[in-house]
Amino acid sequence: MSLRFVSSTLALLFVCGEGREESGELPAVAKTIAGVPVRNYNLARAAPKLADGTPAAWTKWILVLKPNVSDSHLQQFCTGSLCVCALQGHPSRGGVPFVSVHCSENDMEQVLLAHPGHAEFIEPNIQLSVVPAMPAPPQEGQKSQLSASWGLDRIGEPECSRRGEGTHIYVLDTGIYVQHEDFEGRAIPTLDVSSGTLVECHGDLNCAVDRMGHGTHCAGIAAGKQYGVAKGATLHAMKVLSDQGSGEFSWSISALDWVVSFGERPAVVSMSLGGAGRLSSMRTAIDAAATAGVTVVVAAGNEQSDACTFTPAFVPSALTVGASEISDQPAPYSNWGFCVDMYAPGSGITSAWIGSPLATRILSGTSMACPHVSGGAALLLGEHPAWNSGQVRAALLASGEQGALANVLLFVTNVLLSVRDAPVQVAHEEAVEKPGLSWTPVAAFCAMVSFVSIAAGGIVGFCVGKGLASPGIGRSYSGRELLHTAAKEMVEEPGDQ
């Protein structure tokens, strides 16, 4: 029995309400500073060691404040203290109520005591990176292509008349080589946070430059003339990672805040990056974007593991994308599980590269799958610019190819992106983000019976495809949808430890 199969079984048991064992360990003691909870404090305890072997003091924090805090209050937060506030959000404009703070725990305590009642929680400002590219597999048995990439053919891009004109795709990555011919002048240097300071580019070609190639490749898939899905969309270079492909989570949070507060609409954010753990601060940022009508698409990750244990893949309001292969199977490297919302081509994908206006490269990974869906979202917004993120999500899932992939686990989403021209009807009420579920006795019974059947090696079909719960918006969920949605919601908040 494979690890993936066992993990899926355990996840299903968790959804049915049995909870998770802690391997005999005592629960971690909740950490607070000046009475404010510190979430994911274990990440700070994993700080680099000093020469004598003791952990170095952690000095980088993300401070999330109450939703009603003002921009002016954030600007004054570190005034008169030993703490340095590097980046901050714009909650007065609907942005993220956060500040990235550099200081010791003792100094942080003094700042919090000077501003009582304003902080929601604190979190270590840890590193994230590009989702690493995987070796490109040989595309055996490949048929003749209509497009420059097999992935475009597979999702029906040649059969799509839409181009995504008037839409904006914000690529949070290593920057974009905007001079590449595939972008036709539609790629704009917009923001660079890779120094730890937010710099608005105002079109400066020396700003948000991609010296690694990852961001350019992803941008080409999203909206390149030859290699892209939304061939008329405007691309925005949002450099949130260094030239080595790494950065701090606060850099991406700051970029999301900027899109919400100052970005153009309709907008899609494409994030082929991530890190281990479930950071509440990133969820706060993506939730703010979704509330503002911005569709956020993220890569599931390439760790062959449960996507629900990675950020931003775990975030319910993000559209999390796994990678498929030309053989119509999930890529073996792709993260999986209930937090994967849909699949898109990810292995052996050709796209633009850095170095010359005609450079190309073939890469594999969920990094390549993610911008396919970002481009698909832009196509929908080109036709329906007033749609919110919930409507875009619903339309992508409704128009996707259901059951397209082989060897997908029971109860896990099996939807492959499709952008073929077809009428998509999306009810207004389905715009609600991840509606709360109302379990029925039949749903609970089916979930438990299904778990028992999986454990015994069998398959229960009658729970799949039947409406088993009422989400409160006049729509019933199939057994597969029910378990997927419930599981992604149930991992939403890590413990305050």
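Ala, Val, Leu, Ile, Met, Phe, Trp, Tyr, Cys and Pro are counted here as nonpolar, Asp, Glu, Lys and Arg as charged, and the others, Gly among them, as polar.

**View 1. The largest cavity of the predicted model and its lining**. The count of cavities of 30 Å³ or more comes to five, and the largest cavity holds about 60 Å³ of space. Of the 11 residues that line this largest cavity, Arg162, Leu380, Ser399, Ser418 and Val419 are the closest to its centre. Helix 9 and helix 10 (389-399) are the elements that give two or more residues to the lining, and helix 9 provides the largest share, three residues. By class, the lining residues divide into six nonpolar, three polar and two charged.

**View 2. His372 in helix 9 and its polar contacts**. His372 is found in helix 9, which spans residues 366-383, and its relative accessible area is 1%, so His372 is classed as buried, the cut-off being under 20%. A polar atom of the His372 side chain lies 2.8 Å from the backbone oxygen of Met368, while the backbone oxygen of Pro345 lies 3.2 Å from a polar atom of that side chain.

**View 3. Residues that touch His372**. When residues up to four places away in sequence are not counted, His372 touches Gly151, Leu152, Ile155, Ile221, Val229, Ala344, Pro345, Ile349 and Leu417.

**View 4. The chain as a whole, for orientation**. The chain contains 12 helices and 24 strands, and buried residues make up 59% of its 497 residues. Among contacts between residues at least 6 apart in sequence, 74% join residues at least 24 apart.

Terms used:
Residues numbered from 1 in each chain as written. Predicted model: local features only at pLDDT ≥ 70, side-chain atom pairs only at ≥ 80, totals over all residues. Heavy atoms only, no water. Helix = DSSP H or I, 4+ residues; strand = E, 2+ residues; numbered from the N terminus. Buried < 20%, exposed > 50% of the residue type's maximum accessible area, 1.4 Å probe, protein only. Polar contact = N/O pair within 3.5 Å; in protein donor to acceptor, adjacent residues only side chain to side chain. Contact = heavy atoms within 4.5 Å. 1 Å grid on protein atoms, 1.4 Å probe; cavity = no way out; pocket = protein on both sides within 12 Å on 5 of 7 lines; lining within 4 Å. Points joined across faces, edges and corners; volume = space filled by probe spheres on them.
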